[in-house]
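Here is a short tour of one model, written to be read alongside the sequence and the 3D view. Please keep both open as you go.

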Amino acid sequence: MSFTCQICFDEKSQRLELPHLATGNGDVLRKLDCNHPICMECLATHMRVRVEEQRAFQLRCPMDGCSNELFEQDVQRLVKKQVMSSDVFQRFAALRARDFNAR
């Protein structure tokens with residue numbers, strides 16, 4: 001199923017699904033996929049820029065007003081799909097660990 005990415009406006013055939021996500025003890029981190037039509041490349045760019053800005057927490061879907069948060073698992077999936085470099089993932093994980101430990 002193709003769609004028009006709402007960031008770059010190109011016709012795309014794949015988007016990164018943002019499935020239900022919970023912690024090991026059952027706390028819900030993300031209830032449902034927002035299904036916003038954003039291509040993987042634009043989502044990867046959005047996440048990479050946030051990491052460059054050292055903003056690894058409260059990283060959300062780039063659609064205006066969307067509350068779906070993006071997590072390490074999402075970054076890992078972009079790396080596996082070869083849309084994002086593993087360096088960005090490592091930096092993202094380091095920022096989250098550093099900020100968490102500083103709390």
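Where is glutamate 69 found? Glutamate 69 sits in the loop between helix H1 (40-52) and helix H2 (72-80), helices being DSSP runs of H or I with at least four residues, numbered from the N terminus.

A word on the basis: this is a predicted model, in which local features need pLDDT of at least 70 and side-chain atom pairs count only at pLDDT 80 or more, while totals for chains, interfaces and linings use all residues. Residues are numbered from 1 along each chain as its sequence is written, and side-chain values use heavy atoms, with hydrogens and water left out.

Glutamate 69 is buried, at 17% relative accessible area (buried is under 20%, exposed over 50%, partly exposed in between, with a 1.4 Å probe and protein chains only). Leaving aside residues up to four places away in sequence, glutamate 69 touches Arg30, Phe57, Gln58, Leu59, Arg60, Asp74 and Arg96; contact means heavy atoms within 4.5 Å.

Now to the core. The largest nonpolar core (buried Ala, Val, Leu, Ile, Met, Phe, Trp, Tyr and Cys residues joined through side-chain atoms within 4.5 Å) has 24 residues, and Met47, Leu78 and Met84 have the most contacts inside it. H1, H2 and helix H3 (86-101) each give two or more residues to this core, with H1 giving the most, 6 residues.

The cysteines come last. The structure holds 0 disulfides, a disulfide being a pair of cysteine sulfur atoms within 2.5 Å.

| Cysteine | Nearest cysteine sulfur | Relative accessibility |
|---|---|---|
| Cysteine 34 | cysteine 66, 3.8 Å | 22%, partly exposed |
| Cysteine 61 | cysteine 66, 3.8 Å | 8%, buried |
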